[in-house]
Every structure is written in structure tokens, then in C-alpha cells.
Amino acid sequence: MRILLVEDHVALARQVMEALTEAGFVVDHAGDGEEGHFLGDTEPYDAVVLDLGLPVLDGLTVLKRWRAAGRNMPVLILTARDGWNEKVAGLNAGGDDYLTKPFIMAELVARVRALVRRAHGHSRPEIILGDLVVDTAAQRATLGGAAVRLTGLEYRLLTYLALHAGQVVSKTELTEHLYAQDFDRDSNTLEVVIGRLRKKLGDGRIETMRGQGYRLATA
Ligand code: CA
């Protein structure tokens with residue numbers, strides 16, 4: 001799951017990036033509204049954390065432009081304390097949720113997870129696919145009740161496939177959602193990671209659709 005963070009406060013941005021990375025997300029960061037708008041307009045994100053008070057282009061304008069252009073990724077707005085009018089304006093402009101500064105990182109992570117989950121039609125944190133269970137809150141997977149040991153990248157791949165279980169997901173789409181912009185992909189190419197995941201989950205669970213991509217079985 002790939003998240004865009006648009007926040008100009010350097011120290012806060014670093015903390016948020018650390019918390020989201022630890023929670024199993026890959027994060028791209030933009031420090032002003034113009035760069036943030038560009039990234040959100042051109043890259044496919046699973047969710048955006050958007051500060052409203054931004055240099056160059058304010059967050060509300062960024063959000064309105066995305067929505068006007070049909071970009072419908074979930075957006076969590078960060079607002080200043082006591083800024084009730086900002087919250088209302090942000091939600092009316094197409095924001096999905098908001099958090100008031102200062103906030104607890106665990107709450108931000110939980111809200112981002114919930115937004116991503118709900119965007120895929122899941123109201124519960126566990127995605128149940130037969131005897132395979134992906135727990136997006138605990139960041140773990142079990143197979144027949146036993147924990148599956150996964151690297152961060154394997155977990156992200158499995159979560160993405162699980163949120164799209166039964167659907168064919170192309171290699172391009174997977175690559176775009178699993179790696180941050182500047183990630184060195186060489187030793188972790190998609191085929192290699194899929195291969196490792198197959199060994200851990202057992203044969204037949206991840207199908208290769210020739211020339212199209214991969215599909216995770218729903219049961
Ligand atoms: Ca700010």
C-alpha cells in the first residue's frame with residue numbers, strides 16, 4: 001500500500017513517514033502543495049495524508065483540483081487545532097476523514113488503515129480467504145491458524161492482492177503500489193517476491209494470468 005504524505009513541517013513529516021513505514025506502508029513525501037498536487041495527480045496512491053496549511057498551493061485547493069479531475073483516492077486531512085471551519089471545508093471539498101494537530105501517531109496510522117480498507121469495501125481489519133487470513137490491523141497473516149513469516153515487501157504484496165482477491169492485478173499496478181518512488185527494486189523484483197510468497201502460502205493460491213498479471217484465490 002502506497003501513501004502520499006503532503007506536509008511542510010519537516011519534523012512532523014519525518015515522524016509520520018516513520019510511523020506509516022513501520023505500519024507496513026510505503027510513503028512518498030511532498031513538502032509543498034504544488035509538488036503534492038502533481039504526485040497525487042500522476043501516481044496511484046492507496047491513500048493521501050494532506051496538511052491544509054501548505055506553501056505554494058494550499059491543501060484545500062489541492063484537494064479540490066484532485067476531485068475535479070476525478071482522482072478519488074481516500075484523503076485524510078490534517079488541520080490546525082480549533083480549526084472547525086477547516087474541517088468542514090476539507091470534508092466538503094472531498095476529504096474522507098480528518099485529524100487535528102497535534103495527534104497521536106497510532107491514531108493517524110489506524111485512520112489511514114481504515115480508509116484504505118473501506119476504499120476496498122472491507123469494514124473489518126481481517127480479510128478472510130479460506131484458511132488464509134490477512135489481519136491488516138496486526139500486520140500479519142495466518143494460514144490454517146499458523147502465523148506466516150513475511151518480509152515487509154511480502155506483506156505489502158499479500159495485502160494488496162488480498163484487498164483485490166479474485167481480481168487480476170497487473171504487474172504495473174502492483175509495482176506502483178508496492179514500491180516507493182526511490183526504492184531500489186533490483187533484488188526485490190516482483191517475480192522474485194511473488195515466488196517467495198507462493199512458497200510460503202502453498203501452490204495454487206496465487207495464479208499467474210499470462211500477459212495480464214496475478215490473481216489471489218478468494219478461498
Ligand atoms: Ca503546514
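Let's start in the middle of the fold: strand β1 is mostly covered, with 5 of its 5 residues buried. Buried here means under 20% relative accessible area, while exposed means over 50% and partly exposed lies in between (1.4 Å probe, protein chains only). Helices (H or I, at least four residues) and strands (E, at least two) are DSSP runs, numbered from the N terminus. The model is a predicted one, where local features need pLDDT of at least 70 and side-chain atom pairs count only at pLDDT 80 or more, while totals for chains, interfaces and linings use all residues. Residues are numbered from 1 along each chain as its sequence is written, and side-chain values use heavy atoms, with hydrogens and water left out.

**The parallel sheet**

Cover reaches both faces of β1: Arg2, Leu4 and Val6 are buried on one side, and Ile3 and Leu5 are buried on the other. This strand belongs to an open sheet of 5 strands with parallel pairing, in the order β2-β1-β3-β4-β5. At the edges are β2 and β5 (97–100), each of which pairs on one side only. From one strand to the next, the twist averages 20 degrees. Two strands count as paired if DSSP finds at least two bridges between them.

Follow β1 to its neighbour and you find 5 bridges in the parallel sense between β1 and β2. Ile3 has Val27 in β2 as its bridge partner. Further along the sheet, β4 (residues 75–79) and β5 run parallel and are joined by 4 bridges. There, Leu78 has Leu99 in β5 as its bridge partner.

**The antiparallel sheet**

A second group to look for is an open sheet of 4 strands, ordered β6-β7-β8-β9, with antiparallel pairing. Because β6 and β9 (146–148) stand at the edges with a single partner strand each, one side of each has no neighbour in the sheet. The twist from one strand to the next averages 25 degrees here.

Strand β6 (residues 126–129) has alternating side chains: Ile127 and Leu129 point to one face and are buried, whereas Glu126 and Ile128 point to the other and are not. β6 and β7 form a hairpin with 2 residues between them, and Gly130 in the turn has a positive phi of about 65 degrees.

The strand pairs with listed bridge counts and facing residues can be set side by side.

| Strand pair | Bridges | Sense | Residues opposite each other |
|---|---|---|---|
| β6 and β7 (residues 132–135) | 4 bridges | antiparallel | Leu129 and Leu132 |
| β7 and β8 (residues 140–143) | 4 bridges | antiparallel | Leu132 and Leu143 |

Helix α6 lies across β6, β7 and β8, and runs at about 110 degrees to β7. For such angles, axes are lines fitted to C-alpha atoms (for helices over the stretch in contact), and angles run from 0 to 180 degrees between N-to-C directions.

**A covered helix**

In helix α7 (residues 171–178), the buried residues are Leu174, Thr175, His177 and Leu178. The elements covering them include β1, β2 (26–30), α6 (152–163), α8 (190–201) and β11 (213–216). Contact means heavy atoms within 4.5 Å.

**The calcium ion**

Which protein residues are the donors of the calcium ion? They are Asp8 (OD), Asp51 (OD) and Gly53 (O), which lie 2.2 to 2.3 Å from the ion. Asp8 sits in the loop between β1 (2–6) and α1 (10–22), and Gly53 in the loop between β3 (47–51) and α3 (59–68); the pair is 45 residues apart and links distant parts of the chain. In sequence, the donor residues are spaced D-x42-D-x1-G. Donors are N, O and S atoms within 2.8 Å of the metal (3.2 Å for Na, K and Ca); water is not among the atoms, so sites may look incomplete.

Are Asp8 and Gly53 buried, partly exposed or exposed? Asp8 counts as partly exposed because its relative accessibility is 32%, and Gly53 is partly exposed too, at 45%.

**The whole chain**

Stepping back, the protein chain holds 8 helices and 11 strands. Its radius of gyration is 18 Å, close to the 17 Å that the globule rule gives for 219 residues, so the chain is as compact as a globular protein of that length. That radius is taken over C-alpha atoms, and the rule is 2.2 Å times the number of residues to the power 0.38. Buried residues make up 47% of the 219 residues. Among contacts with a separation of 6 or more, 59% are between residues 24 or more positions apart.
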